[in-house]
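Q: I should like a close look at a single part of this protein, namely its charged side-chain contacts. Please treat the subject in one connected account.

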Amino acid sequence: MKILISKNISLDLFCKNPIQIIKKTKNGTLSISKNKKILFYVITPSVLKKIFDLEYNFEQENINQEENIKKKFAMHQQWTPDKDFIRKAALWGIILEEEVSKHELTAFIAYWEAEGCFYYHVQWEQKLARNLQKVRSFNSINKQKDITYIPSPDQKTPDGFRGK
């Protein structure tokens, strides 16, 4: 949320009728100054509520993440790796050059959901990183091969061997 200060009001003017001045603000914020120096900011209750709601949602999200980290759980459809997953994978020695695609994540979740195993969040991330490393390296090898190529031996006798 970006908070923009709509007006700079002098302290003397603000003290004459603060309620009316606050009601007239366009975006719910004011800066109050004296001698061209800002003394304080005024925030309307509606803007303050938005700030508190953001803070509350942020705290709830952190609590949920901490709870997930502290206990083992079975894989489920809503699971996602952390935003810094690629960096974490690199710390584990697994270099992933691309983010996880929806297809890769869906396949991983479907497999482990059926298995019914319980792991910590970080363990699930490690399993995903190893799986991606293995699948991606296999796919890159297969892309290089031409499955229609049929080798045919040449008719030359190598040096050091007797010919017919």
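How many salt bridges does the structure hold, and which residues form them?

A: The structure, which is a predicted model, holds 4 salt bridges. As a general principle, side chains of opposite charge can pair when their charged atoms come close.

One of these contacts joins K88 to D82, with the closest N and O atoms 2.6 Å apart. The two partners differ in their exposure class. K88 counts as buried because its relative accessibility is 16%, under the 20% limit for that class. D82, by contrast, has a relative accessibility of 27% and therefore counts as partly exposed. The pair also belongs to a wider arrangement, since D82, K88 and E125 are linked in a network of salt bridges.

A further salt bridge is formed by R87 and D84, whose closest N and O atoms are 2.7 Å apart. Here R87 counts as partly exposed, because its relative accessibility is 49%. D84 is likewise partly exposed, with a relative accessible area of 30%.

The side chains of R136 and E104 meet in another salt bridge, at 2.8 Å from N to O. R136 lies in helix α6 (residues 121–144) and E104 lies in helix α5, so this pair ties together parts that are 32 residues apart in sequence. E104 has a relative accessibility of 18% and therefore counts as buried.

A word on confidence belongs with this reading. The mean pLDDT of the protein is 82, and 84% of its residues reach 70 or more. Among the elements of the protein, helix α5 (residues 102–115), where E104 lies, has the highest mean pLDDT, at 95. The lowest mean value, 71, belongs to helix α3 (residues 45–70). Where pLDDT is low, the predicted coordinates should not be read in detail.

For context, the strands may be described briefly. Strand β2 (residues 29–34) is mostly covered, with 5 of its 6 residues buried. On one side of the pairing scheme, β2 and strand β1 (residues 7–10) are joined in the parallel sense over 4 bridges, and I9 has I32 of β2 as its bridge partner. Strand β3 (residues 37–43) runs antiparallel to β2, and 6 bridges join the two; among the paired residues, S31 has Y41 of β3 as its partner. The hairpin of β2 and β3 has 2 residues between the strands, and N35 takes a positive phi near 55 degrees there.

How values were computed:
Residues numbered from 1 in each chain as written. Predicted model: local features only at pLDDT ≥ 70, side-chain atom pairs only at ≥ 80, totals over all residues. Heavy atoms only, no water. pLDDT = per-residue confidence, 0-100. Buried < 20%, exposed > 50% of the residue type's maximum accessible area, 1.4 Å probe, protein only. Pairing = 2+ DSSP bridges.
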